[in-house]
Amino acid sequence: MTGMTGMPEPVLTPDLAPAHARAPRTVEETGMPFLFLLELLVKVLFQRGQMHLPELAAHLKLSLAVIDPVINFMRQEKLCEVTRRGASGTDADIHYQLSDSGRQRALACLARNAYAGPCPVPLATYNAQAALQSVAGMHVTHEHVQAQFDGMVVNPRVLGQLGAAMNSNRAIFIHGAAGSGKTWLAERLAGLLQGAIALPHAIMVDGEVLPFYDAQQHGAGQEAAGACSLGVPRQPLDMRWVRGLRRPAILTGGELTLDMLDLRFDPVTRLYRAPPHLKANNGLFIIDDLGRQRCSPQELMNRWIVPMDRAVDYLSLHNGHVFAVPFDVLVVFSSNFLPERLSDAAFLRRLGYKIEVPALSVAEYAQVFRAACIAHGVPFNAPAFAFLLQELHARWRVPLLACHPRDLLRQVRDRARYEGGPARLDAAVLEWAWHNYFGAAPRRAANPTPARERRARVDHTLHTEET
């Protein structure tokens, strides 16, 4: 099968998990060319100075059996030299450093690519592992959703839509008014991701190294482990993989540009940077505030049509080589705009779920407000809360959004700190905070709801809650 560019699609159906294979015992088993390992070793010694074999092995995530022939070749070619021997007298305790010719070789290598980290794995090996731990294999149930959002105020209809969407392996579009809680909901979908994954420290693509594992984005995992179960002898695993990782959930916002979605080579550091959606593989990729990026929504949407349709993306090295990578990502778009305002029908049909986050009901708003009172150390006052509903929200027809209690009560707390007394909740301080928050009367103030109608609505709701 071929993609839209005419290139063959990557084969992503391996028979065994590469990350759980035994550690390579020879240069050939690493899948890396001997010359590449030689240059990697030269760069490491240049940057770190004098090292002995166990230190090199720990840094490169390779066994001594793999490193030893490379070091021996370097000694024969006068690229490195022995500086001293340890007390044990074994080869593993010999310390090495680069010779003058070795330093010259290192400078030439660093000028092309400055990567000097753990040994990478081949691209095909990463593709195989990504397929085995695909996010499509997850199964989110009603119980999972209830446990994740336990104690949180979320519209039940929205929860049901989100739970079903997590099983669809299709893109999710969450929209609603600013402050309705869209980003909050999108970020908490990460708690529904199930199963641990393994990621490589780096990937080799056409002779170039792409650093991949990112501790800040991917968290901490298990790097060195053995395999022993049901009488199977313990064997060292390939240390080039970080195991036991949670599925990633990577968030981008208004800073996102089209350039960030491609592989980037920094001419200053001479290192590649993987795009955020590649690092999000086997997990969640959240694009927040869609429509506020520095590129148009149409340009951004067009960038995703092929990956979302074919589960494969195409990236290119700075030398022009184009290669395919799996696009195994649950994409979540979050926007204040309606879907039809941002794209055309061709893209919209690829959005599996279009979920609106509505304003809160009075009962839900009361729950959020009480929780915010506790969080900000402001004692709840029922008459003051009724004033907020009747004379502020209802009068100016401002919808009950999830952000309002937190933002208003922060101002109540700030005023109490300024005045040097305890925080208190009354009509005057709430009206003061309201006008600070909105800056002026809200837009809908021209047609305020009549006072009698406001009081009747709120009294009925509060009476229903008490009952």
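Trainee: Which residue stands opposite I172 in β19?
Mentor: I172 has Y353 of β19 opposite to it. The model is predicted, so local features need pLDDT of at least 70 and side-chain atom pairs count only at pLDDT 80 or more, while totals for chains, interfaces and linings use all residues. Residues are numbered from 1 along each chain as its sequence is written, and side-chain values use heavy atoms, with hydrogens and water left out.

Trainee: What makes strand β5 and β19 a pair?
Mentor: Two strands pair if DSSP finds at least two bridges between them. Strand β5 (residues 171-175) and β19 share 5 bridges in the parallel sense, and therefore they meet the definition of a pair. A strand is itself a DSSP run of E with at least two residues, a helix is a run of H or I with at least four, and both are numbered from the N terminus.

Trainee: What does helix α8 touch on the sheet, and how is that known?
Mentor: Helix α8 (residues 156-165) packs on the sheet and touches β5 and β19. Contact means heavy atoms within 4.5 Å. The direction of α8 makes about 165 degrees with that of β19; axes are lines fitted to C-alpha atoms, for helices over the stretch in contact, and angles run from 0 to 180 degrees between N-to-C directions.

Trainee: Why are β12 and β19 called edge strands?
Mentor: The open sheet has 5 strands in the order β12-β15-β18-β5-β19, with parallel pairing. β12 (249-252) and β19 (351-356) each have a single partner strand, so one side of each lacks a neighbour in the sheet. Neighbouring strands here are turned by 15 degrees against each other on average, direction ignored.

Trainee: In which order do the strands of the mixed sheet stand?
Mentor: That open sheet has 3 strands in the order β4-β7-β8. Its edge strands, β4 (121-122) and β8 (208-211), each pair on one side only. β4 and strand β7 (residues 202-205) are joined in the parallel sense over 2 bridges, and because at least two bridges are required, they count as a pair. P122 stands opposite M204 in β7.

Trainee: How do you know whether the span of helix α16 agrees with its number of residues?
Mentor: The expected span is 1.5 Å times one less than the number of residues. For the 15 residues of α16 (residues 382-396) this gives 21 Å, and the end C-alpha atoms are 20 Å apart, which agrees. The helix also has a kink of about 25 degrees centred on L389; the bend at a residue is the angle between axes fitted to the seven residues ending there and the seven starting there.

Trainee: What makes α16 mostly covered?
Mentor: In α16, 11 of its 15 residues are buried, which means under 20% relative accessible area (exposed is over 50%, partly exposed in between; 1.4 Å probe, protein chains only). Among them are F385, L389 and W396. Strand β6 (residues 196-200) is also mostly covered, with 4 of its 5 residues buried.

Trainee: Why is H20 called buried, exposed or partly exposed?
Mentor: H20 has a relative accessible area of 47%, so it falls between the two cut-offs and is called partly exposed. H20 lies in the segment before α1 (27-30). Leaving aside neighbours within four places in sequence, H20 is in contact with L237 and R243.

Trainee: How far apart are H20 and A198?
Mentor: H20 and A198 are 178 residues apart in sequence, while their C-alpha atoms are 8.8 Å apart in space.
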